[in-house]
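Biologist: I would like to learn how to read a helical model of this kind, feature by feature, with the general idea stated before the particular case. Could we begin with the helices and then go on to their surroundings?

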Amino acid sequence: MAIDPLAFIDTLERRIGFTSEDKSILKENAEWGLEIASEMADHFYAYLGRDPEMNAILHKTEGRIHRLHETFIQWFHEMFTGMDDWGNSYAQRRWQIGIVHVQIGIGPQHVVPAMAVVVHEVGKKLKANHKSEALKEALERICMIDLAFIEQASVEVAAFAVLKETGWSEALFRRLITHGAATM
Ligand code: HEM
C-alpha cells in the first residue's frame, strides 16, 4: 500500500474543511440518502452509458452493470453514515475503490466528470426536497474527499508499480518525472 488511508482522509478533511457539523448533518439525513440512492445510481449509469468508451467498460463482463448499481447504492449511502465516523474502515474502503478503478483502467478523465454528475444530480434532488444549504455543502465536501481517493490511487499505484518493477528509489523516480515534465 502506497499511502496510509487513515492519514490521507485526515489530511483531506482538513484541506476540504469537512467538519463535525458536516458529519452530523449527513448522519441525520442518512435515511433520505438511502431513499434517493437508487435514483442517483440510475442518473450515474445513464450518464456513463452515453459515453461509448465508458459504456464498453460497463458491459465488458456479464452482470457487471447490475453489480455496479448495487455497489453505487452502498457507496452513496456510506457518504451519509460515514461507516465508522469517517475513520479507518471508511478510508480503507475509499482507497480500495480507488484501486479497483486503477485495475480496470479508469482514470481522472472518466472519474472527475462522473463525480460532477453525482454532485449535480444530488443538488437537484436536494432542492426538490427542500433540503438545507448546509446538507448540500456537506455532501459536496464528502464527494470531493471520495474523488481525491480515487484520483490519488491512480498516481500512487502507478508510482508503486514502477518502483517495484525497476527497483528505483523514490528520489530518482521524482527526478525523472520533474525532468520529463520540464522537457514537455
Ligand atoms: C464518482 C465516481 C465513481 C464512483 C464513486 C464509483 C464507485 C464504484 C464502486 C463503489 C465500485 C465497487 C468497488 C469494489 O468492488 O470494491 C466500483 C467499481 C467499478 N466502477 Fe466505479 N465509480 C466511479 C466512477 C466510475 C467510472 C467513471 C467508471 C467508468 C466506466 C466506473 C466503472 C466501474 C467498474 C467497471 C467497476 C468494477 C465492476 C465490477 O466488475 O465489479 N466507475 N465503482
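Modeller: The expected span of a helix is 1.5 Å times one less than its number of residues. Please keep in mind that this is a predicted model. Helix α8, residues 133-166, has 34 residues and reaches 50 Å from its first C-alpha to its last, which is close to the 50 Å expected at 1.5 Å a residue.

Biologist: What do the end C-alpha atoms of helix α3 show when the same rule of 1.5 Å a residue is applied?

Modeller: For the 20 residues of α3, residues 30-49, the rule gives a span of 28 Å, and the end C-alpha atoms are 28 Å apart, so the two values agree. The axis should still be examined, for α3 has a kink of about 45°, centred on A37.

Biologist: Which residues of α3 are buried, and what covers them?

Modeller: Burial is read from a neighbour count, and a residue is buried if 20 or more other C-beta atoms lie within 10 Å of its own. In α3 the buried residues are G33, A37, A41, F44 and L48, so that A37 appears both in this list and at the centre of the kink. The cover over the buried residues of α3 includes α4, α5 and α7.

Biologist: Which residues of α8 are buried, and what covers them?

Modeller: The buried residues of α8 are L135, A138, L139, R141, I142, I145, D146, L147, F149, I150 and A153, and their cover includes α1 (5-16), α2 (20-28), α5, α6 and α7. Just after α8, G167 takes a positive phi of about 80°.

Biologist: Which residues other than glycine have a positive phi, and where do they lie?

Modeller: Among them are M83, with a phi near 55°, and D85, with a phi of about 60°. M83 is placed in the loop between α5 and α6, and D85 is likewise in the loop between α5 and α6. Their surroundings can be read from the neighbour counts: M83 is partly exposed, because 16 other C-beta atoms lie within 10 Å, whereas D85 is exposed, because its count is 12.

Biologist: How should I read the largest nonpolar core, and which of its members touch the most others?

Modeller: A core of this sort is a set of buried nonpolar residues joined through C-beta atoms within 7 Å. The largest one here has 26 residues, of which I9, M79, L139, I142 and I145 touch the most other members. At least two residues come from each of α1, α3, α5, α6, α7 and α8, and the largest share, 9 residues, is supplied by α8. When residues up to four places away in sequence are left out, I142 touches F18, L26 and M79.

Biologist: Is V122 buried or exposed, and what does V122 touch?

Modeller: V122, placed in helix α7, counts as buried because it has 24 C-beta neighbours inside 10 Å. V122 touches M40 and L139, not counting residues up to four places away in sequence. Separation in sequence and separation in space are best read side by side: V122 and L26 are 96 residues apart in sequence and 13 Å apart in space, C-alpha to C-alpha.

Biologist: How exposed is V157, and how many other C-beta atoms lie within 10 Å?

Modeller: V157 lies in helix α8 and is partly exposed, because 17 other C-beta atoms lie within 10 Å. With residues up to four places away in sequence not counted, V157 touches A2, I99 and V102. V157 and D85 are 72 residues apart in sequence, and their C-alpha atoms are 26 Å apart in space.

Biologist: Finally, which residues come nearest to the ligand, and which elements contribute to the shell around the ligand?

Modeller: Of the 23 residues around the ligand, M54, W75, H110, A114 and M115 come nearest. The elements that give two or more residues to this shell are α4 (52-58), α5 (64-81), α6 (88-103) and α7 (108-128), and α5 gives the most, with 6 residues. By residue type, the shell divides into 15 nonpolar, 5 polar and 3 charged.

Methods
Residues are numbered from 1 along each chain as its sequence is written. This is a predicted model: local features need pLDDT of at least 70, side-chain atom pairs count only at pLDDT 80 or more; totals for chains, interfaces and linings use all residues. A residue is near a molecule or strand if its C-beta atom, placed from the backbone, lies within 6 Å of it. Helices (H or I, at least four residues) and strands (E, at least two) are DSSP runs, numbered from the N terminus. Ala, Val, Leu, Ile, Met, Phe, Trp, Tyr, Cys and Pro count as nonpolar, Asp, Glu, Lys and Arg as charged, and the others, Gly among them, as polar. The bend at a residue is the angle between axes fitted to the seven residues ending there and the seven starting there. Two residues are in contact if their C-beta atoms, placed from the backbone, lie within 7 Å.
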